[in-house]
Amino acid sequence: MNADVPIGVIFGECLIDDFGDVRRLGGAPFNVAQHLHALGVASVFVSRVGRDTSGQHILQHMRDWGMSTDEVTEDALLPTGRVRVTADVRQGHRFEILPHQAYDAIRLSSGVIPAISWLYHGSLALRENGPSRATWRQLRARARWRFVDINLRDPWWNQELLTEVIQGSSILKCNMEELEQIIRTYELSPASTLREAMQMVARHFDVQAVLLTRGAAGAAYGDGANFYEAEAVSTAVQDTVGAGDAFAAGWLWSLFHGDAIPRRLQRAGELAAAICASSGAIPDQPEFYRTIMARWTKED
């Protein structure tokens, strides 16, 4: 790993994915934070949990993995985030995101915000115009560049929020359905190619680059001057929960490692495929990451 990689901030929700008979840790920012930590990328995870059993479980998990909990604050009133996950024949999974969760009230424990080298965040923790969005605005103002990973789950987003979240970001990550939703919401002109659609969205929001996941169709990257597509990495899929988060983490690791764009797409796809081949959004054992790292460093 590149020793000169600057420490960044990962902001947003940590929660429990409730499958009914099984409960797993989740939340896109939390997943990305664990992936990057285990892959050797230092960051500060900024979130909030309730003073309940689920919150203690998340905090203990972070300690067990050697992750800092300094900026994961506890809420005395709001519960730790929870999402009900059910199987869906068409989409794979359906997510019921509950209101009034601890991650809606994220605050910095220190109150001090130094300059931030990079900032990763999504859109779900910003759904309410309250403490979390106020904290995020402070972090955004101090960040040199931003990786935005939107999560358009109805009814937890609107056009006003989406504009503020995306506008001026360095990298916008979305899936194909979200890209199409953006184009419809903002009534952008129809595009004849995927490249044109991505460039149109980038121009509309003054975004430097768009990173697109397409499931079994692979992924794409466009920054105006460059456009790349990559096929999906073949794998035996067990479930797809957390695949997009793994893709984001793989991309960031590869970016910080100094890889060219095609290699970033490849490594992001490899990490996503490895997650799809296992159960849940994050692995239970560090060996998962050691195997990935051994292959990547050998390729270098």
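Start by selecting Gln34, which sits in helix α1 (residues 28–38). Show everything in contact with Gln34, skipping neighbours within four places in sequence, and you get His61, Trp65, Met67, Ile282, Pro283 and Tyr289. Keep in mind while you click around that this is a predicted model. Gln34 is buried, with a relative accessible area of 0%. Now draw a distance between the side chains of Gln34 and His61: a polar contact of 2.6 Å joins them.

**Next stop: helix α3**

Select residues 131–142. That is helix α3, 12 residues long, and from first C-alpha to last it reaches 17 Å, close to the 16 Å expected at 1.5 Å a residue. Which residues of α3 are buried? Colour Ser132, Arg133, Thr135, Trp136 and Leu139, and you have them. Look down the axis with those five highlighted: they cover an arc of only 160°, which puts them on the same side of α3.

What covers the buried residues of α3? Turn on the cartoon around the helix and pick out β1 (8–11), β8 (119–121), β9 (146–149) and α4 (159–166), which are included in that cover.

**Into β9: Arg146**

From there, move into strand β9 and select Arg146. This one deserves a pause: Arg146 is buried yet has no salt bridge. How far away is the nearest side chain of opposite charge? That is Glu164, at 8.5 Å. A salt bridge here needs nitrogen and oxygen within 4 Å.

So what does the side chain of Arg146 reach at its backbone-oxygen contact? Label Val165: the side chain of Arg146 comes to its backbone oxygen at 2.9 Å. Add His121 as sticks as well, since the side chains of Arg146 and His121 make a polar contact at 3.0 Å. For the wider surroundings, leave out neighbours within four places in sequence and show the contacts of Arg146, among them Leu119, Trp136, Arg140, Ile166, Gln167 and Gly168. Trp136 is a handy landmark here, being one of the buried residues of α3 as well as a contact of Arg146.

**A round of salt bridges**

Side chains of opposite charge can pair when their charged atoms come close. The structure holds 12 salt bridges, and a few make good stops.

Select Glu96 and Arg84 first. Their closest N and O atoms are 2.9 Å apart. Glu96 lies in strand β7 (residues 92–97) and Arg84 in strand β6 (residues 81–88), so the pair ties together parts that are 12 residues apart in sequence. Switch on a surface and both count as partly exposed: Glu96 at 37% relative accessibility, Arg84 at 33%.

Now jump to Arg295 and Glu270, whose side chains meet in a salt bridge at 3.8 Å, N to O. This pair links distant parts of the chain, with Arg295 in helix α9 (residues 287–299) and Glu270 in helix α8 (residues 261–276), 25 residues apart. Are the two partners buried or partly exposed? Arg295 counts as partly exposed at 34% relative accessibility, whereas Glu270 is buried, with a relative accessible area of 12%.

Stay in α9 and select Glu287 and Arg290. Their side chains meet in a salt bridge, 3.1 Å from N to O. The two are 3 residues apart in helix α9, so about one helical turn separates them. Glu287 counts as partly exposed, at 42% relative accessibility.

To finish the round, select Asp18, Arg23 and Arg82 together: they are linked in a network of salt bridges.

**Backbone oddities in the loops**

Hide the side chains and look at the backbone. In the loop between β9 and α4, find Pro155. The peptide bond from Asp154 to Pro155 is cis, with omega near 0°.

Next, go to His100, in the loop between β7 and β8. Its phi is near 55°, a positive value in a residue other than glycine. His100 is exposed, with a relative accessible area of 52%.

For the last selection, take Asp206, in the loop between α6 (194–205) and β11 (209–213). Asp206 has a positive phi too, about 55°, although it is not a glycine. Is Asp206 buried or exposed? The relative accessible area is 55%, so Asp206 is exposed.

How values were computed
Residues are numbered from 1 along each chain as its sequence is written. This is a predicted model: local features need pLDDT of at least 70, side-chain atom pairs count only at pLDDT 80 or more; totals for chains, interfaces and linings use all residues. Side-chain values use heavy atoms; hydrogens and water are left out. Helices (H or I, at least four residues) and strands (E, at least two) are DSSP runs, numbered from the N terminus. The expected span of a helix is 1.5 Å times one less than its number of residues. Buried means under 20% relative accessible area, exposed over 50%, partly exposed in between (1.4 Å probe, protein chains only). The arc is that of the directions from the helix axis to the C-beta atoms. Contact means heavy atoms within 4.5 Å. Lys and Arg count as positive and Asp and Glu as negative; His and the chain ends are not counted. A polar contact is a pair of N or O atoms within 3.5 Å; within protein, one must be able to donate a hydrogen and the other to accept it, and residues adjacent in sequence count only if both atoms are side-chain atoms.
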